[in-house]
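Here is a short tour of one model, meant to be read with the structure open beside you. Take a look first, and then we can walk through it together.

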Amino acid sequence: MTVLNIRFNDLAAAALGPADALLLDLLAPGLREMIADGVHLEDHLPIEAGSLPDGEPVISEADQILMLRHGLGVALEIAKAAPVPVRCVVGANSTNGTFRFHRARPGESWLHDDLDAYRMEKVITVDRGPATLGGTPW
């Protein structure tokens, strides 16, 4: 049996709202087809990044939430399709949004155990692996 485990830090959970609303419209049109080719979310979402006088980018709270929602959708699709245990990490803050994933191996977490330690970034992890490893091999 394979287990899917999704974790949110407090900032991500507060930004996204009730969990039952997350299952609606997780992917923008066309993203599902692009997953197999690799995708940069900001290239396919209507994100408007401003900038400070020193050139540092600034992304609105609404656009951070948009990146989280679609990043979660991509993570769920990759977790479903991966032939090996996988960890996907979605992050968004006021300067950027990131999506990473890697093969899950025992003893390799790549993240702090307490997602709330990331105080300036909204973080979601999606882990998929054998139930014999507790759902997450870390």
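## An aromatic pair

Let's begin with the rings: the count comes to one aromatic pair. The partners are F99 and F101, whose ring centres lie 6.1 Å apart with 45° between the planes, a tilted arrangement. Please keep in mind that this is a predicted model.

How buried or exposed is F99? With a relative accessible area of 22%, F99 is partly exposed, because the cut-off for buried is under 20%. F99 also has a role in strand pairing, as the bridge partner of V90 in β5.

## Strand β4 and its neighbours

V90 takes us to strand β4, which spans residues 86-92. Seven of its seven residues are buried, so β4 is largely enclosed by the rest of the structure. If you follow the side chains, V86, C88, V90 and A92 point one way, while R87, V89 and G91 point the other way.

Which strands pair with β4? One is β5 (residues 97-103), which runs antiparallel to β4 and is joined to it by seven bridges. A hairpin of four residues links these two strands. The other is β6, again antiparallel and again over seven bridges. Within that pairing, V86 has R128 of β6 as its bridge partner.

## V126 in strand β6

Strand β6 covers residues 122-130, and V126 sits in it. V126 counts as buried because its relative accessibility is 1%, and the cut-off for buried is under 20%.

V126 brings together parts of the chain that are far apart in sequence: I6 is 120 residues away along the chain, yet the two C-alpha atoms are 4.5 Å apart in space. Leaving out residues up to four places away in sequence, V126 touches L4, N5, I6, L72, A75, L76, A79, V86, R87 and C88.

## The largest nonpolar core

As general background, nonpolar side chains in soluble globular proteins tend to be buried together. Here, the largest nonpolar core has 22 residues, and those touching the most other members are M67, L68, V86, C88, I124 and V126. At least two residues of this core come from each of α1 (10-16), α3 (61-81), β4 and β6. Which element gives the most? That is α3, with nine residues.

L68 is a good place to zoom in. Its contacts, not counting residues up to four places away in sequence, are A12, A15, L16, V90, A92, K122 and I124.

Definitions and conventions. Residues numbered from 1 in each chain as written. Predicted model: local features only at pLDDT ≥ 70, side-chain atom pairs only at ≥ 80, totals over all residues. Heavy atoms only, no water. Buried < 20%, exposed > 50% of the residue type's maximum accessible area, 1.4 Å probe, protein only. Contact = heavy atoms within 4.5 Å. Pairing = 2+ DSSP bridges. Phe/Tyr/Trp six-rings, centres within 6.5 Å; stacked < 30°, edge-to-face > 60°. Core = buried A, V, L, I, M, F, W, Y, C linked by side-chain atoms within 4.5 Å.
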